[in-house]
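Grab a coffee and work through these short exercises with the model open beside you. Try each task before you read its solution.

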Amino acid sequence: MTTATTSLPGPAASLPGGGSMPLLGLGTWQSEGDDAYRSVLHALEVGYRHVDTATGYGNEDQVGRALAESGVPREEVFVTTKLPPDDAGRAREVLSRSLDLLGLDFVDLWLVHWPPSGGASPQTWEQLLAARADGQARDVGVSNYSTAQVDELVAATGEAPAVDQVPWAPALHDQQFLDACAERGVVVEGYSPFKKTDMDDPVLAEVARAHGVTPQQVVLRWHLEHGVVVIPKSVTPERIEANADVFGFTLSADEVRRVDGLAG
Ligand SMILES: NC(=O)c1ccc[n+]([C@@H]2O[C@H](COP(=O)([O-])OP(=O)(O)OC[C@H]3O[C@@H](n4cnc5c(N)ncnc54)[C@H](OP(=O)(O)O)[C@@H]3O)[C@@H](O)[C@H]2O)c1
């Protein structure tokens with residue numbers, strides 16, 4: 001279920017642990033040092049309430065600094081971090097370190113960043129479920145998992161991931177995957193919306209022109225029309241603002257179909 005609004009933080013997906021995950025968040029991969037701090041702070045100042053980081057990004061301390069200095073109440077911000085697959089054997093230790101760096105008692109979402117050694121790894125998933133039971137993560141999920149790997153976790157534990165974070169963009173549109181996730185109660189979170197898109201595509205240009213927006217804003221809006229969470233990364237203040245300015249227009253069913261058609 002999603003809730004709709006016309007401004008930031010925008011619509012949100014309800015997660016099984018009780019969390020409300022804004023469909024638009026700020027990505028932070030390759031945001032380093034002060035850039036990470038400044039981008040997260042700026043995003044929070046202009047109304048973002050969802051930040052995506054990972055142990056592997058090496059910036060949880062800067063994200064934590066921005067969260068603290070923003071003055072935004074903890075319960076209003078949705079924070080995700082991720083467990084590196086190589087650390088699957090010491091998952092809880094890694095989460096404790098993430099919480100220290102972020103300056104938080106719990107994260108809203110903790111993900112297995114990639115299938116450990118390429119496999120679903122129910123043992124790792126059990127560690128995430130234990131962290132959730134202990135209150136260190138409100139919801140838990142996975143990233144870069146196939147539907148078959150999600151099913152393996154469900155078969156082993158009876159618990160589906162709340163979220164699967166996967167590469168997503170018009171060129172990667174896969175309705176079968178969206179339907180399979182919906183059937184399993186898994187929220188799809190897309191990453192690299194811009195890097196995986198040809199911004200010169202004429203369909204995007206035409207739809208953008210029709211709404212007086214940019215092709216980037218069309219791509220983000222297209223995610224929202226599908227109920228897919230999207231976390232564009234930027235360290236540039238004007239882009240952080242533009243990427244959040246996607247609640248004042250909607251795409252028609254025909255426009256959504258045309259953008260879907262960019263998948264090869
Ligand atoms: N789970 C995973 O395995 C995984 C993998 C990759 C990414 N992610 C997550 O997803 C987030 C987003 O993906 P991403 O960082 O790979 O790529 P992205 O968000 O598709 O693209 C980021 C790039 O686009 C530029 N950009 C941002 N807004 C723009 C705009 N309005 N116009 C033009 N250029 C713009 C940024 O530049 P500036 O920063 O210079 O403005 C940056 O170079 C990551 O930051 C990370 O949090 C997860």
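**Exercise 1.** Keep in mind that this is a predicted model. Find out how far a backbone N or O atom of Trp-29 lies from an oxygen atom of the ligand, then look for side chains that do a similar job.

*Solution.* Start with the backbone: an N or O atom of Trp-29's main chain sits 2.9 Å from a ligand oxygen. Next, go to Ser-192, where a side-chain N or O atom is 2.7 Å from an oxygen atom of the ligand. Then check Lys-233, which has a polar side-chain atom 2.7 Å from a ligand oxygen. Now step back to the ligand's surface: on its own it has 910 Å² of accessible area, and the protein covers 85% of that.

**Exercise 2.** Describe the surroundings of the ligand: how many residues are there, and of which classes?

*Solution.* First count the shell: 25 residues surround the ligand. The closest are Asp-52, Ser-192, Phe-194, Ser-234 and Thr-236. Then sort the shell by class, which gives nine nonpolar, eleven polar and five charged residues. Finally, ask which space this is: the ligand takes up the largest pocket.

**Exercise 3.** Work out whether Ser-117 and Ser-121 are buried or exposed, and look at their phi angles as well.

*Solution.* Place them first. Ser-117 is in the loop between strand E7 (107-112) and helix H4 (122-133), and Ser-121 is found in the loop between E7 and H4 too. Next, the backbone: most residues other than glycine have a negative phi. Ser-117, though not a glycine, has a positive phi of about 50°, and Ser-121 has a positive one near 60°. Now accessibility. Ser-117 comes out at 85% relative accessible area, so it is exposed, the cut-off being over 50%. Ser-121 has 13%, so it counts as buried, which takes a value under 20%.

**Exercise 4.** Compare two helix residues, Asp-179 and His-223: is each one buried, exposed or partly exposed?

*Solution.* Asp-179 lies in helix H6 (residues 175-183). Its relative accessibility is 38%, so Asp-179 counts as partly exposed. For a sense of distance, take Glu-159, 20 residues away along the chain: its C-alpha atom and that of Asp-179 are 18 Å apart. Move on to His-223, in helix H8 (residues 215-225). With a relative accessible area of 0%, His-223 is buried. Last step: look for a partner for the His-223 side chain, and you'll find the backbone oxygen of Val-219 at 2.8 Å.

How values were computed. Residues numbered from 1 in each chain as written. Predicted model: local features only at pLDDT ≥ 70, side-chain atom pairs only at ≥ 80, totals over all residues. Heavy atoms only, no water. Near = heavy atom within 4 Å. Polar contact = N/O pair within 3.5 Å; in protein donor to acceptor, adjacent residues only side chain to side chain. Areas by Shrake-Rupley, 256 points an atom, 1.4 Å probe, with all protein chains shown as cover. 1 Å grid on protein atoms, 1.4 Å probe; cavity = no way out; pocket = protein on both sides within 12 Å on 5 of 7 lines; lining within 4 Å. Sits in = over half its atoms within 2 Å of the grid points. Nonpolar A, V, L, I, M, F, W, Y, C, P; charged D, E, K, R; others polar. Helix = DSSP H or I, 4+ residues; strand = E, 2+ residues; numbered from the N terminus. Buried < 20%, exposed > 50% of the residue type's maximum accessible area, 1.4 Å probe, protein only.
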